[in-house]
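Me: Please take a close look at one helix in this structure and the parts it packs against. Keep it plain, since I am a first-year student.

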Amino acid sequence: MKLWGGRFTKATDRNVEEFNSSIQFDCRMYAEDICGSIAHATMLAKQGIISDFDKEQIVAGLKNIYEQIEKGEFEFSIELEDIHMNVEKRLTDAIGEAGGRLHTGRSRNDQVALDTHMYVRKEIASVAVLLANLQEAIVKAAEKYSDTIMPGYTHMQRAQPVLFSHHLMAYFSMFSRDFKHLSYVWDITDIMPLGAGALAGTTYPLDQPYVAELLNFSTLYDNSMDAVSDRDYIISFLEFAANLMMHLSRLSEEFILWSSSEFKFIELDDAHCTGSSIMPQKKNPDICELVRGKTGRVYGHLMGILTMMKGIPMAYDKDMQEDKEGLFDVIDTLKFALAIYTAMIGGMKVNDRHMREVLENDFSNATDMADYLAKKGLPFREAHAVVGKAVQYCLQQGKVLQQLTLQELQEMSALFSEDIHHYLDIETCVSQRQTYNGTAPASVARQCTAGYNVIDNE
Ligand code: ARG
């Protein structure tokens with residue numbers, strides 16, 4: 001007999017039962033379901049809607065079920081559809097009549113909303129810690145490699161030298177904004193939906209602020225129909241996740257390139273790479289590739305839930321049961337990706353010398369040469385043209401700019417003097433870029449110090 005079986009004359013079709021059930025995945029919200037029910041029963045007793053005796057029976061029974069689930073001794077059943085009815089049915093089997101009073105003034109619609117809000121809130125807290133850990137690993141690596149200079153790229157062509165730490169701290173900044181996004185998601189998740197009933201509120205004198213207080217929610221929904229039927233906090237979480245994965249995926253792409261024999265900029269630790277079953281020499285950056293690949297799957301879940309929600313009339317419709325698998329999958333993916341990346345950044349080795357060799361054999365200092373002429377009075381456009389010619393000359397001669405003699409240079413412009421070679425030095429190129437957010441060492445040091453403050457506040 002189903003908990004809702006009163007008006008039915010036939011058993012549910014087996015396929016329907018399976019298709020309809022969500023226990024296979026929503027069982028992971030058992031702690032939230034039980035906690036929410038304990039708060040509900042406590043409030044019902046405080047309001048005199050159920051007796052204290054019934055409440056005590058319910059609370060003891062629920063705690064018992066919690067322990068059984070924790071120990072893996074609880075058998076979930078598809079016939080009972082979801083976590084809510086699995087728990088409630090088992091409770092009633094165990095304690096009898098009092099169990100049947102638990103659902104007074106409550107619907108599964110506000111119950112599932114409550115459980116999911118609590119679940120997302122819990123996961124926001126763990127994702128926040130993992131994200132802050134990743135940021136800390138980034139600042140630490142930035143400090144460790146504070147002297148390393150690398151080619152900075154635009155269009156995937158060498159552009160200007162930058163500090164390796166500056167490049168890393170760009171990701172730190174992206175993740176700081178992700179963190180702000182997450183704290184917004186927290187704000188719209190930290191709203192208590194219980195008491196909305198099926199959609200219209202209930203006829204019992206519930207104390208909703210009391211339930212909110214018991215469950216540590218900051219506020220209540222203003223409208224019961226909204227409370228049971230919106231999933232915007234889940235969508236927001238997935239938007240946050242999609243953005244974060246996009247950032248991680250870009251970093252992955254760079255790590256993949258940098259660890260190739262063509263770049264040789266970094267080497268990832270053996271513990272974070274895998275080998276090939278046929279090519280003995282291989283060490284593959286699988287984790288980076290997987291993070292890049294799983295980003296697509298996270299976007300997919302976001303699109304899935306947005307699309308699922310877009311045509312749903314008020315209030316609760318069963319479509320909404322489809323909010324969970326994508327959400328859970330995104331949470332699992334994100335937590336793994338963040339934890340592994342934190343370890344991977346801590347364990348990577350940076351090939352300082354090779355980056356320098358690359359820089360000493362290319363034209364990343366060409367802008368600096370043009371700036372040198374412009375600072376001596378030549379209009380920048382003309383300076384640009386002079387250096388363009390110099391580059392062309394070097395390409396023909398198989399040289400780079402810093403190898404040109406003063407005589408060669410002075411034939412191109414009389415403004416060149418002895419000190420030009422100092423200005424073409426890679427170190428000078430970096431240290432001269434002293435704008436607020438530029439790549440000069442002082443700017444990066446400021447970013448790192450500010451970064452630690454950001455992490456402390458997070
Ligand atoms: N398993 C359902 C869900 O995830 C719970 C709510 C069902 N409510 C209902 N009236 N069928 O959305």
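Reply: H7 and H20 run roughly antiparallel to each other, because angles over 145 degrees count as roughly antiparallel. The angle here is about 155 degrees. H7 covers residues 108–144, and H20 covers residues 441–457. Their axes lie 10 Å apart. The model is a predicted one. H7 passes H20 in a left-handed crossing.

Which residues of H7 and H20 make the contact? On the H7 side they are Ala132, Gln135, Glu136, Val139, Ala142 and Glu143. On the H20 side they are Val444, Cys448, Gly451, Tyr452 and Ile455. Sort them by class, and the contact has seven nonpolar, two polar and two charged residues. Glu136 and Glu143 of H7 belong to the charged class. Gln135 of H7 and Gly451 of H20 count as polar.

H7 has another partner, H8. Helix H8 spans residues 164–189. The axes of H7 and H8 come within 10 Å and cross at roughly 165 degrees. That angle makes H7 roughly antiparallel to H8. H7 passes H8 in a left-handed crossing. By class, 19 nonpolar, four polar and two charged residues form this contact.

Next comes the ligand. Which helix gives the largest share of the shell around the ligand? H7 does, with three residues. The surrounding residues are Ser22, Asp26, Asp82, Arg108, Asn109, Val112, Lys318, Met320 and Gln321. Arg108, Asn109 and Val112 fall within the 108–144 range of H7. By class, the shell has two nonpolar, three polar and four charged residues. Val112 and Met320 are the nonpolar pair. Asp26, Asp82, Arg108 and Lys318 are the charged residues.

Now compare a helix pair that does not include H7. Helix H11 spans residues 232–258. The axes of H11 and H12 come within 8 Å and cross at roughly 160 degrees. H11 is therefore roughly antiparallel to H12. The crossing of H11 and H12 is left-handed. Their contact has 17 nonpolar, four polar and four charged residues.

H12 also leads to a backbone detail. Ala315 sits in the loop between helix H12 (286–310) and helix H13 (324–347). A cis peptide bond joins Met314 and Ala315. Its omega is about -5 degrees. The ligand's neighbours Lys318, Met320 and Gln321 have numbers that fall between the end of H12 and the start of H13.

Another backbone detail follows the end of H7 in the sequence. Met156 has a positive phi of about 60 degrees, although it is not a glycine. Where is Met156? Its place is in the loop between strand S1 (149–154) and strand S2 (157–163).

Finally, the records. UniProt lists residues 6–300 as "domain: Fumarate lyase N-terminal", in an unreviewed entry. The end C-alpha atoms of residues 6–300 lie 40 Å apart. That span is 62% helix and 6% strand. H7, at residues 108–144, falls inside the listed range of 6–300. UniProt also lists residues 363–430 as "domain: Argininosuccinate lyase C-terminal", again from an unreviewed entry. The end C-alpha atoms of residues 363–430 lie 14 Å apart. The 363–430 span is 65% helix and 0% strand.

Key. Residues are numbered from 1 along each chain as its sequence is written. This is a predicted model: local features need pLDDT of at least 70, side-chain atom pairs count only at pLDDT 80 or more; totals for chains, interfaces and linings use all residues. Axes are lines fitted to C-alpha atoms, for helices over the stretch in contact, and angles run from 0 to 180 degrees between N-to-C directions. Helices (H or I, at least four residues) and strands (E, at least two) are DSSP runs, numbered from the N terminus. Angles under 35 degrees count as roughly parallel, over 145 as roughly antiparallel, 65 to 115 as roughly perpendicular and the rest as oblique. A crossing is left-handed if the near helix is turned anticlockwise from the far one by less than a right angle, and right-handed if clockwise. Two residues are in contact if their C-beta atoms, placed from the backbone, lie within 7 Å. UniProt positions are given in the numbering used here, feature names are shortened, and annotations may be inferred rather than shown by experiment. A residue is near a molecule or strand if its C-beta atom, placed from the backbone, lies within 6 Å of it.
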